[in-house]
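Trainee: I'm new to this structure and would like a close look at a single part of it. Please pick one spot and take me through it, with just enough background to place it.

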Amino acid sequence: MAIFQEPVRKYLYHLARVDHPVLREMQAYGESKNFPIVNCEVGRVLFQLAEVSKAKRIFELGSGFGYSTLWFALALPPGGIVHHTDADPENTKLAQHYFKKAGLLKKVRFHMGDALESLAKTPGNFDIYYCDIDKEGYPDAYHAIDHRIKPGNMVITDNLLWSGKVAHPNPDASTRAILKYTRLFWNDRNFASSMLPIRDGVGLHLRLKHPRKF
Ligand SMILES: C[S@@+](CC[C@H](N)C(=O)[O-])C[C@H]1O[C@@H](n2cnc3c(N)ncnc32)[C@H](O)[C@@H]1O
């Protein structure tokens, strides 16, 4: 199910294009391998949210070969750190290669293995938690993040529209997991949640100081 009419999708994609040589190289690699990355439409949003929230500590769950990670790294102030997590060592190796090429190795910490286990092992709080692991793992990611996130911090989630499958009358297992995760955040009065219907749907969940009034 297409979320956008094709001419509108193409318009938004071209509008988002970037000059950064390493981002462009990563986009071309993703396209050649059919590897799902957030791409520049969403990358720009990640950058903006990190900038506007003055984030210094960011934790990614599911970083692939580091494309979304690099967008966050570009927004970090001196001393800021983004945590890259992936279960596939090849993705981690490739991410290290691209970060070296971009001259941003100082801004990243790499964790290989299960993202939720890596989060559990990493002390401290994060200004932004970003979720893009296997979709069946989304409900567990909600619980892991909810357990430690502090008021004022934000969760950003990719794929909440899942190519429109969330509106299908008979959702499959991964769609059901996305729907469960979405309900968990939307029903949690400690969060203000909203959805940006760009690319595949980006969820924004702000942890509030007081239960929300709406
Ligand atoms: C959609 S890709 C991430 C793309 C990346 N966020 C980007 O936009 O550039 C999802 C990645 O998460 C990894 N992954 C999925 N489930 C995971 C888990 N439970 N723990 C660690 N990595 C996981 C996969 O190996 C894959 O590389």
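Mentor: Let's start with the whole chain: its secondary structure comes to eight helices and seven strands. Those are DSSP runs numbered from the N terminus, with helices being H or I of at least four residues and strands being E of at least two. The model is predicted, so local features need pLDDT of at least 70 and side-chain atom pairs count only at pLDDT 80 or more, while totals for chains, interfaces and linings use all residues. Residues are numbered from 1 along each chain as its sequence is written, and side-chain values use heavy atoms, with hydrogens and water left out.

As for overall shape, the radius of gyration is 16 Å, close to the 17 Å from the globule rule for 214 residues, so the chain is as compact as a globular protein of that length. That radius is taken over C-alpha atoms, and the rule is 2.2 Å times the number of residues to the power 0.38. Of the 214 residues, 49% are buried, where buried means under 20% relative accessible area, exposed over 50% and partly exposed in between (1.4 Å probe, protein chains only). Contacts (heavy atoms within 4.5 Å) often reach far along the sequence: among those with a separation of 6 or more, 70% join residues 24 or more positions apart.

Now for our spot, helix 4. This helix runs from 67 to 75, and eight of its nine residues are buried. The buried ones are Y67, S68, T69, L70, W71, F72, A73 and A75.

Helix 4 gives two or more residues to the largest nonpolar core, as do helices 2, 3 and 5 and strands 4, 5 and 7. Such a core is a set of buried Ala, Val, Leu, Ile, Met, Phe, Trp, Tyr and Cys residues joined through side-chain atoms within 4.5 Å. This one has 35 residues, and Y67 and F72 are among those with the most contacts inside it, along with I58 and I156. A second, separate core has 21 residues, including C131, A141, W162 and Y181. In soluble globular proteins, nonpolar side chains tend to be buried together.

Finally, zoom in on F72. Leaving out residues up to four places away in sequence, F72 touches L46, A50, I58, E60, V82, I128, Y130 and I156. Two of those, I58 and I156, you've already met among the best-connected members of the largest core.
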